[in-house]
Amino acid sequence: MSRKPELKGRAFRLARLLPAGPGQAARTPFVLLVVLLLGGGLIGLLVLNSALSEGSFRLDDLKKATKDFTDQEQALQRDIDAYSAPDALQRRARELGMVPGGDPAFLDPDGKVKGVPSPAPTPEEAFTTPLVLAPEAMPTTPPSPSASSTPETPDR
């Protein structure tokens, strides 16, 4: 006659939490949980892999676009450099009818004129005289100081 002892108080409350019979935990919910976790993990990896490959394709497209824009920028810079070259500026200025300016004169703050101004040459004269002489066309003898074409006005 095996009789269970009667429990009181705290022991009674703890005994209520334990299963009463020699039952075994069901395996089906545990197996289902493991299968769901593995399936969810595989689906998560598939989604992550798809997102990474999509990002890789987008990165390749952006690199290609960057290369195209860099090539375009370099072509535009070459055009700017060609238009900014001195011979191109001179040619375009002559096409517009511009001529090199004459000798300038300067005004002092007190109103006196320094230098002797000269008018700009006519277009016919400007086109016969080059703006810059080649080194071999330069005179070999230095100009004498008395042959200066711009007499200076004395200060005060």
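Which residue forms a salt bridge with Lys-114, and how many Å apart are the closest N and O atoms? In this predicted model, the partner of Lys-114 is Asp-108, and the closest N and O atoms of the two residues are 4.0 Å apart. The legends below begin with an overview and then take up this pair and other sites.

**View 1. Overview of the predicted model and the order of its elements.** The protein contains 4 helices and 2 strands, which follow one another from the N terminus in the order α-α-α-β-β-α. Of its 156 residues, 1% count as buried, and the protein exposes about 14,700 Å², of which carbon and sulfur atoms supply 64%. When contacts between residues at least 6 apart in sequence are considered, 37% of them join residues at least 24 apart.

**View 2. Confidence along the chain, from helix α2 to helix α4.** The average pLDDT of the protein is 79, and 72% of the residues score at least 70. Among the elements, helix α2, spanning residues 27–84, has the highest mean pLDDT, at 95, whereas the lowest mean, 67, belongs to helix α4, which covers residues 123–128. Over residues 145–151 the pLDDT stays under 50, and for this stretch the model has 2 contacts beyond four places in sequence. Where pLDDT is low, the predicted coordinates should not be read in detail.

**View 3. The salt bridge between Lys-114 and Asp-108.** This pair is one of the 3 salt bridges counted in the model, and its closest N and O atoms, 4.0 Å apart, belong to Lys-114 and Asp-108. Both residues are partly exposed, Lys-114 with a relative accessible area of 32% and Asp-108 with a relative accessible area of 23%.

**View 4. The salt bridge between Lys-67 and Asp-71 in helix α2.** The side chains of Lys-67 and Asp-71 meet at 3.3 Å, N to O. Because the two residues are 4 residues apart in helix α2, about one helical turn separates Lys-67 from Asp-71. Lys-67 is exposed, with a relative accessible area of 52%, while Asp-71 counts as partly exposed at 38% relative accessibility.

**View 5. The salt bridge between Arg-91 and Glu-95 in helix α3.** In this pair the closest N and O atoms are 3.8 Å apart. Arg-91 and Glu-95 both lie in helix α3, which comprises residues 86–95, and they are 4 residues apart, about one turn of the helix. Glu-95 counts as exposed at 59% relative accessibility, whereas Arg-91 is partly exposed, with a relative accessible area of 47%.

**View 6. A nonpolar surface patch that includes Phe-30.** Phe-30, Val-31, Val-34, Val-35 and Leu-38 together make a nonpolar surface patch of about 480 Å². Phe-30 is found in helix α2, the element with the highest mean pLDDT in the protein. At 56% relative accessibility, Phe-30 counts as exposed.

**View 7. Gly-97 and Pro-123, 26 residues apart in sequence.** The C-alpha atoms of Gly-97 and Pro-123 are 7.2 Å apart in space, although 26 residues separate the two positions in sequence. Gly-97 is found in the loop between α3 and β1, the latter formed by residues 106–107, and at 48% relative accessibility Gly-97 counts as partly exposed. On the other side of the pair, residue 123 falls within helix α4, which covers residues 123–128 and has the lowest mean pLDDT among the elements, 67.

Definitions and conventions
Residues numbered from 1 in each chain as written. Predicted model: local features only at pLDDT ≥ 70, side-chain atom pairs only at ≥ 80, totals over all residues. Heavy atoms only, no water. pLDDT = per-residue confidence, 0-100. Contact = heavy atoms within 4.5 Å. Buried < 20%, exposed > 50% of the residue type's maximum accessible area, 1.4 Å probe, protein only. Patch = residues over 30% accessible without salt bridge, like charges linked within 9 Å, V, L, I, M, F, W, Y side chains within 5 Å. Areas by Shrake-Rupley, 256 points an atom, 1.4 Å probe, with all protein chains shown as cover.
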